[in-house]
Amino acid sequence: MNTDTIADFLTRIRNAIQANHRIVEIPASNIKKEITKVLHEKGFILNYKFEDEGPQGTIKIALKYNPRTKQSAIEKISRISKPGLRKYVGFDNLPRVINGLGVAILSTSKGVITDKEARKLKIGGEVLCYVY
């Protein structure tokens with residue numbers, strides 16, 4: 001049994017990148033679907049597809065690589081708020097990942113959004129992960 005499904009989601013992506021896989025399949029949940037949408041909007045993944053097979057369905061993610069250097073668009077993806085220690089921030093303390101080059105993904109009252117969108121909306125929330 002896996003207690004931290006978001007950490008499992010990020011680890012599967014990280015492992016697929018290290019193994020140079022093009023596509024990774026992950027068991028679906030609503031929060032994982034929202035994180036996947038944010039990763040696609042910000043250009044970290046090439047494409048995604050939600051499949052409703054079985055009891056919970058799966059997410060198929062096409063990873064993005066540079067065609068010349070074969071380097072992934074995701075250099076690092078790390079979990080910040082864990083089940084044992086949640087990290088909540090107000091809008092005035094929102095994190096900047098690599099001085100704005102990276103993205104912090106937050107769970108807020110307006111849904112799963114990036115740190116830049118949270119600054120515009122002036123809302124805080126739980127910091128789920130950093131991606132750069």
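**A friendly note on four charges and two buried residues**

1. Let's start at the surface: K42, R96, K116 and K120 together form a positive patch. Keep in mind as you look around that this is a predicted model.

2. Where does K42 sit? Find the loop that links helix α2, residues 30-41, to strand β2, residues 45-51, and you will see K42 there. Its relative accessible area is 38%. K42 is described as partly exposed because that value lies between the 20% limit for buried and the 50% limit for exposed.

3. Now step back to L39, a residue of helix α2. Is L39 buried or exposed? L39 is buried, because its relative accessibility is 2%, and buried means under 20%.

4. What does L39 touch? Not counting neighbours within four places in sequence, L39 contacts F9, I13, F44, I45, I105 and V131. Try picking out each of these partners in the structure above. You can also trace the path to V127: this residue is 88 residues from L39 along the chain, and their C-alpha atoms are 15 Å apart.

5. Finally, look for S78 in strand β4, which covers residues 77-79. S78 has a relative accessibility of 19%. S78 therefore counts as buried, as the cut-off is under 20%.

6. Which residues does S78 meet? With neighbours within four places in sequence set aside, the contacts of S78 are L10, R14, L128, C129 and Y130.

Conventions
Residues are numbered from 1 along each chain as its sequence is written. This is a predicted model: local features need pLDDT of at least 70, side-chain atom pairs count only at pLDDT 80 or more; totals for chains, interfaces and linings use all residues. Side-chain values use heavy atoms; hydrogens and water are left out. Patches are made of residues with over 30% relative accessible area and no salt bridge: like charges are joined within 9 Å, nonpolar side chains (Val, Leu, Ile, Met, Phe, Trp, Tyr) within 5 Å. Accessible areas come from the Shrake-Rupley method with a 1.4 Å probe; for residues, only the protein chains shown count as cover. A salt bridge is a side-chain nitrogen of Lys or Arg within 4 Å of a carboxyl oxygen of Asp or Glu. Lys and Arg count as positive and Asp and Glu as negative; His and the chain ends are not counted. The place of a charge is taken as NZ of Lys, CZ of Arg, CG of Asp or CD of Glu. Helices (H or I, at least four residues) and strands (E, at least two) are DSSP runs, numbered from the N terminus. Buried means under 20% relative accessible area, exposed over 50%, partly exposed in between (1.4 Å probe, protein chains only). Contact means heavy atoms within 4.5 Å.
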